[in-house]
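Me: I am new to this structure and would be grateful for a close look at a single part of it. Please take me through that part step by step, in connected prose.

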Amino acid sequence: MERSSPVHMLKLFTQDWVNTISRRIHVGLHLAGFLRVAPHGGKKLFTPGPLCTSKTVKEAMLLDYGSRDTTFIETVKYIREKLLDVAGVDPSQYTCVPLQGSGTYALEAVISSTVPRQGGKVLVLANGAYGMRVSRICKAHNIDHVLCRFPDEEKVRVEVVEEALKQDTFTNVSIVHCETSSGVINPVEDVGLLLKRYTDATYFVDAMSSFGAIPLDMVACGVDYLVSSANKCIEGIPGFSYVIANREKLFNSKGWSRTLSFDLVEQCEGLDQNGQFRFTPPTHVMLAFKQALIELEQEGGVKGRARRYKENRSVLRDGMTKLGFRELLDDSHRGYIITSYHFPNDPNFDFKTFYTRLGDLDQVIYPGKMTEVDCFRIGNIGHLFPADMRKLLDCIEHVCNEMRLKIPIVG
């Protein structure tokens with residue numbers, strides 16, 4: 001039977017009509033609450049942040065405190081001390097500096113405050129969009145830097161870093177722990193040990209989507225500055241970021257800041273003197289973060305949280321493999337924060353449709369952030385559990401069938 005025949009066209013029309021009605025019934029039931037994993041009152045976020053948070057973390061924001069209120073000042077003190085505990089560092093050698101704003105604010109604060117004004121030069125190790133962001137910050141502040149670029153789907157190669165250190169002199173070196181644009185976990189420890197052999201350069205680690213879930217020995221690695229934000233693996237609410245800083249390095253950089261708001265030393269000095277932010281703090285967000293830190297400890301700290309995220313990743317990986325989706329990274333990568341998948345090699349696949357229809361079912365995934373590969377990302381972090389991952393897989397299969405994609409998927 002020819003594809004253009006009336007009978008064939010009628011069959012296609014009938015199938016489209018059945019799919020449309022089926023989808024509307026399915027979405028209707030879902031929105032009515034019958035198909036949810038849990039009545040959380042919102043969408044499930046399988047993204048690198050913002051993330052799903054617990055009900056108790058949200059409820060912590062229902063109280064109002066002024067920025068100079070004793071209870072709020074004690075909350076800030078608790079957060080600063082507890083984050084040092086999570087990092088596993090000595091408070092006499094390291095300090096925690098929270099800043100209003102997203103994780104990129106903390107990145108910019110470190111770069112603009114800790115690179116010497118005279119003779120400063122940064123070696124930027126980048127294998128994705130977030131490493132490249134450090135380069136953009138350097139350019140914005142006219143900071144001399146060398147970009148050492150690696151393919152997005154590969155780890156930073158230590159031997160290449162070694163060659164760069166042999167050929168030039170740097171005051172600062174920057175690396176991303178988990179490159180969230182792909183899911184690659186970079187060898188922060190190996191690079192840190194290499195730096196100890198070749199240079200006394202300040203070592204800066206962007207641990208935005210790894211801190212709180214992937215163990216990292218800052219002291220053994222010689223990490224001077226580490227940044228993350230409230231809405232990542234600690235499972236807080238977006239609104240502030242923080243820097244874990246080597247005290248000696250930090251205070252030796254006094255006067256180097258190229259900005260007022262991002263002056264890391266002045267921010268720290270203000271907090272040390274009176275416990276207050278220099279400018280209006282995100283009060284409600286910090287109350288929520290305190291509760292999130294309590295819940296992290298209740299779960300077993302970094303190791304306990306990592307255990308759940310690894311289980312989420314295992315469920316996702318098994319399910320997506322059965323559906324035929326192909327991962328971007330090969331088996332040499334063992335990250336469990338976020339997983340990238342190639343677009344299906346199917347003429348019926350359209351990512352916008354795929355994304356939108358999953359969103360209609362309250363399942364939010366993330367577009368890819370690669371320059372040369374078409375892919376999408378699914379996060380395993382946040383207040384998510386294996387049951388949520390299984391629900392997502394059911395919805396992905398439903399949407400694939402609705403889009404008339406062949407299962408198993410042709411990768």
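Reply: Helices here are DSSP runs of H or I with at least four residues, strands are runs of E with at least two, and both are numbered from the N terminus. Counted in this way, the chain has 14 helices and 14 strands. The model is a predicted one, and of the chain's 411 residues, 54% count as buried. Among contacts between residues at least 6 apart in sequence, 73% join residues at least 24 apart.

The part I would choose for a close look is helix 11, together with two helices that pack against it, helix 3 and helix 12.

Helix 3, covering residues 70–87, packs on helix 11, covering residues 283–298, at an angle of about 40 degrees, and the two axes lie 10 Å apart. Because an angle of this kind falls in neither the parallel, the antiparallel nor the perpendicular range, helix 3 counts as oblique to helix 11, and the crossing of the two is left-handed. On the side of helix 3, the contact is made by Phe72, Thr75, Val76, Tyr78, Ile79, Lys82, Leu83 and Val86, while helix 11 brings Thr283, Met286, Leu287, Phe289, Lys290, Leu293, Ile294, Leu296 and Glu297. Sorted by class, the residues of this contact are 12 nonpolar, 2 polar and 3 charged.

Turning to the other partner, helix 11 packs with helix 12 at an angle of about 80 degrees, with 7 Å between their axes. These two helices are therefore roughly perpendicular to each other, and their contact is formed by Glu295, Leu296 and Glu297 from helix 11 with Gly301, Val302 and Arg305 from helix 12. Here the classes are 2 nonpolar, 1 polar and 3 charged. Leu296 and Glu297 of helix 11 take part in both contacts, the one with helix 3 and the one with helix 12.

Helix 12 itself can be followed from residue 301 to residue 323, and its length offers a simple check: at 1.5 Å a residue, its 23 residues should span 33 Å, a figure which agrees with the 33 Å that separates its end C-alpha atoms. The expected span is 1.5 Å times one less than the number of residues, so the calculation for helix 12 uses one residue fewer than its 23. Just after helix 12 comes glycine 324, whose phi is positive, at about 100 degrees.

Conventions:
Residues are numbered from 1 along each chain as its sequence is written. This is a predicted model: local features need pLDDT of at least 70, side-chain atom pairs count only at pLDDT 80 or more; totals for chains, interfaces and linings use all residues. Side-chain values use heavy atoms; hydrogens and water are left out. Axes are lines fitted to C-alpha atoms, for helices over the stretch in contact, and angles run from 0 to 180 degrees between N-to-C directions. Angles under 35 degrees count as roughly parallel, over 145 as roughly antiparallel, 65 to 115 as roughly perpendicular and the rest as oblique. A crossing is left-handed if the near helix is turned anticlockwise from the far one by less than a right angle, and right-handed if clockwise. Contact means heavy atoms within 4.5 Å. Ala, Val, Leu, Ile, Met, Phe, Trp, Tyr, Cys and Pro count as nonpolar, Asp, Glu, Lys and Arg as charged, and the others, Gly among them, as polar. Buried means under 20% relative accessible area, exposed over 50%, partly exposed in between (1.4 Å probe, protein chains only).
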